[in-house]
Amino acid sequence: MVMKKILYIPGPSEVEPETLLELSKPVIAHYGPDWHQLYNETCEVAKKIFGTEAYVTLLPLPGSVCLEMSAFNLIEDYGEKFVAITNGFFGDNMVEMLLSHGANVLKVESEWGKNVNLEKLEETLDENPETKAVYLVHNETSTGVLNNLKKVAEAVKKRDKLLVVDAISSYGGVELNFDQLGIDFAVGYASKCMSGLNGICPVAISKRFIEEVRRRKTSVKSYYFNLTKYIRLSQEWASIGHPHPTSMPTSVVRAFYHVAKKALEEGLERRYRRHADIAKAYRQALRALGLNILPKEEDASPTVTTFIVPENVNGKIRSALYNDFGYMVSGGLGKLENMTLRVGHMGYTANPEFLIKLVTALETVLKRLGIVDKRMDISDELAKIQENLRQYTT
Ligand SMILES: Cc1ncc(COP(=O)(O)O)c(C=O)c1O
């Protein structure tokens with residue numbers, strides 16, 4: 001018998017069978033009336049999840065490359081100042097990306113597992129008034145910390161700077177409020193909290209950001225990443241339903257449309273609450289197993305949980321979960337590589353059934369490896385958790 005594998009990693013996340021069926025529908029072209037309608041309707045739904053009326057597009061690129069589009073368009077001169085907030089692997093990647101574009105990157109760092117250092121951010125912005133933009137990872141997938149976007153946005157807007165947000169592992173699982181917070185550029189994701197398929201990312205861009213790009217004295221040093229081209233084609237080629245300079249993975253967009261509509265049908269508020277409640281239940285269950293969660297309770301992410309395991313058994317736990325149960329969890333990233341394990345509870349799998357399956361398997365593995373006492377019994381705790389999550393039981 002072939003074991004059903006389940007992706008408990010923080011992306012790509014498990015995809016529902018009915019979403020996969022969308023891929024079996026006849027392929028449509030990336031222009032013409034059918035595409036025009038699908039593309040526009042998908043962008044409309046994507047906008048609601050961003051919480052914006054601004055320009056939203058779908059880019060057929062990985063998330064980090066979508067983020068790089070902001071750098072191509074913003075960075076004009078070598079040595080321009082940009083603030084990058086970093087407290088994990090993906091924050092560090094953003095720093096590296098900005099450096100590779102010739103930016104003078106002012107890092108606002110905090111320890112991995114801790115939230116943003118707001119005081120340092122304000123101090124850095126006040127000492128460097130010529131800063132062009134601030135970059136933030138909303139949900140640091142490497143540490144399981146949900147960064148304080150609201151407070152960062154307040155500090156950035158108060159000083160009238162642009163704000164670029166990597167919302168790759170929060171989009172569809174945590175409220176973003178793009179317009180209300182005054183975000184200027186945000187990258188969402190299809191195959192994490194949306195439980196869609198890899199291949200496109202929704203990207204929201206403010207009017208302010210577009211105006212900033214239009215004010216450039218030199219042209220953007222890229223053919224593909226030139227934002228003004230996208231804006232122009234979305235108007236000029238609108239009549240032939242071809243809003244992009246390139247072809248598009250139309251079937252993947254159709255699958256994204258399907259999951260995005262489902263997210264709206266569920267109700268965004270309820271969806272965000274579901275993610276937060278499931279994450280809290282994971283932390284409760286993991287603590288009952290004697291494990292420590294990396295971030296403090298108030299900083300913990302609603303979409304990915306990072307917990308500490310002894311270095312010598314890190315790989316063994318992961319492989320036992322995968323080989324014996326078919327459950328794939330992630331190891332740590334960067335300097336946390338052998339110290340932590342990460343579980344994604346995103347979209348479809350942010351659900352009590354998936355939680356109980358994984359925690360029960362983990363209990364068995366930990367007992368087998370002698371990490372917890374064989375007599376340990378967390379069934380009462382799990383029963384309480386299930387009772388608390390009854391509203392999400394399907
Ligand atoms: C917060 C965050 N940023 C960026 C990325 C990179 O995404 P991609 O591999 O699609 O470039 C990831 C991937 O897990 C992520 O979680």
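At 1.5 Å a residue, the 21 residues of helix 11 should span 30 Å, and the end C-alpha atoms of helix 11 are indeed 30 Å apart, which agrees; the expected span is 1.5 Å times one less than the number of residues. Helices (H or I, at least four residues) and strands (E, at least two) are DSSP runs, numbered from the N terminus. The structure is a predicted model, in which local features need pLDDT of at least 70 and side-chain atom pairs count only at pLDDT 80 or more, while totals for chains, interfaces and linings use all residues. Residues are numbered from 1 along each chain as its sequence is written.

**Helix 11 and its surroundings**

- Among the buried residues of helix 11 are Arg 271, Tyr 272, Arg 274, His 275, Ile 278 and Tyr 282; a residue is buried if 20 or more other C-beta atoms lie within 10 Å of its own, exposed if 12 or fewer, and partly exposed in between, with C-beta atoms placed from the backbone.
- The cover over these buried residues includes helix 10, strand 11 (292–293), strand 12, strand 15 (340–344), helix 13 and helix 14 (379–388).
- Gly 290, just after helix 11, takes a positive phi of about 85°.
- Phe 354 is part of helix 13 (residues 352–368) and counts as partly exposed because it has 18 C-beta neighbours inside 10 Å.
- Between Phe 354 and Ile 6 the C-alpha to C-alpha distance is 9.0 Å, although 348 residues separate them in sequence.

**Domains and their interface**

- The chain is assigned domain 1 (6–12 + 268–392) and domain 2 (17–264), with bounds that come from an automatic or database domain assignment.
- The C-alpha centres of domain 1 and domain 2 are 29 Å apart.
- Contact between the domains involves 25 residues of domain 1 and 27 residues of domain 2; two residues are in contact if their C-beta atoms, placed from the backbone, lie within 7 Å.
- On the side of domain 1 that touches domain 2, helix 11 (268–288) and strand 12 (304–308) each supply at least two residues, and helix 11 gives the most, with four.
- That side of domain 1 comprises 13 nonpolar, eight polar and four charged residues; Ala, Val, Leu, Ile, Met, Phe, Trp, Tyr, Cys and Pro count as nonpolar, Asp, Glu, Lys and Arg as charged, and the others, Gly among them, as polar.

**Nonpolar core**

- The largest nonpolar core has 113 residues, and Ile 85, Tyr 135, Ala 186 and Phe 256 have the most contacts inside it; such a core is a set of buried Ala, Val, Leu, Ile, Met, Phe, Trp, Tyr and Cys residues joined through C-beta atoms within 7 Å.
- Helix 10 (residues 250–266) contributes the largest share of this core, eight residues.
- Domain 1 and domain 2 each provide at least three residues of this core.
- Not counting residues up to four places away in sequence, Phe 256 touches Thr 42, Ala 190, Met 194, Gly 196 and Ile 200.

**Ligand shell**

- Residues around the ligand include Gly 11, Phe 90, Asp 166 and Ser 169, where nearness requires a C-beta atom, placed from the backbone, within 6 Å.
- By class, this shell has four nonpolar, five polar and one charged residues.

**Backbone features**

- The peptide bond from Gly 11 to Pro 12 is cis, with omega near -5°, and Pro 12 is in the loop between strand 1 (6–7) and helix 1 (17–22).
- Asp 160, which is not a glycine, has a positive phi of about 60° and counts as exposed, with 9 C-beta neighbours inside 10 Å.
- Ser 195, also not a glycine, has a positive phi of about 55° and is buried, with 27 other C-beta atoms within 10 Å.
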